[in-house]
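Subject: A structure for you to look at

Hi,

Here is the structure I promised to pass on to you. Have a look at it in your viewer first, then read my notes underneath with the model open beside them.

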Amino acid sequence: MMQVLDNYTQTILKGEVIHGRQIGRTIGFPTANLHVKSEDESSLLKGVYGVKVHHENTYYNGVMNIGMRPTFKDEKEALSFEVHILHFNQDIYGEQLKVDILFFIREEQAFNSIDQLVQQLNLDIEQANKRFHQ
């Protein structure tokens, strides 16, 4: 399912919420880590996106990082799909989420410190909220 939105092709991902390293939670940005089928990931750039997350008949705004987590280098490099759902605080491990990727915010990048990452995440959320409320 694809549709054109703001000169960007909207993509819909589906995946099961799996346990991650829980780093996002420790820095104030808990994420749902998704196990996504490989065919769903092929056309997406690594980076941060504004998304709508569908969970139990409700849509939530969010920001999603798709990439290799360069600030927290993993021993095994694997593409990750992590979504921070805005105004959401539920335990959803093992549940399925549908994520509508609506717009691109920025490319993935490595940060020199956790503080720099947190500052950028706040800017990403601010930018996403502006787009959501246009």
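Let's start with helix α2, which covers residues 114–132 of this predicted model. How far apart should the ends of its 19 residues be? At 1.5 Å a residue, the helix should span 27 Å, and its end C-alpha atoms are 26 Å apart, which agrees.

Next, colour the buried residues of α2: L117, Q120, L121, D124, I125, A128 and F132. Looking down the helix axis, you will find them within an arc of 145°, so they line one face of α2. Turn to the other side of the helix and you meet D115, Q119 and K130, which are exposed. What do the buried residues of α2 pack against? Their partners are four strands: β4 (47–55), β5 (58–67), β6 (80–85) and β7 (96–107).

One of those strands, β6, also leads us to β3. Strand β3 and strand β6 pair in the antiparallel sense, over two bridges. If you would like to find the pairing on screen, go to N33, whose bridge partner in β6 is E82. Strand β3 itself runs over residues 32–36 and is mostly covered, with four of its five residues buried.

Now move to β4 and the loop that follows. Is H55, in strand β4, buried or exposed? With a relative accessibility of 3%, H55 is below the 20% cut-off and therefore counts as buried. Leaving aside neighbours within four places in sequence, H55 is in contact with Y60, F88, Q90, I92, E95 and L97. Try showing those side chains together with H55 to see what surrounds it.

The loop between β4 and β5 holds E56 and also N57. Both are worth a click for their backbone angles. E56 has a positive phi of about 45°, although it is not a glycine. N57 is not a glycine either, and its phi is also positive, near 65°. As for their surroundings, E56 is exposed, with a relative accessible area of 57%. N57 counts as exposed too, at 74% relative accessibility. So as you step along the chain here, you pass from H55, which is buried, to E56, which is exposed.

That is my tour so far. Write back if anything is unclear, and enjoy exploring!

Best wishes

Conventions
Residues are numbered from 1 along each chain as its sequence is written. This is a predicted model: local features need pLDDT of at least 70, side-chain atom pairs count only at pLDDT 80 or more; totals for chains, interfaces and linings use all residues. Side-chain values use heavy atoms; hydrogens and water are left out. The expected span of a helix is 1.5 Å times one less than its number of residues. Buried means under 20% relative accessible area, exposed over 50%, partly exposed in between (1.4 Å probe, protein chains only). The arc is that of the directions from the helix axis to the C-beta atoms. Contact means heavy atoms within 4.5 Å. Two strands pair if DSSP finds at least two bridges between them.
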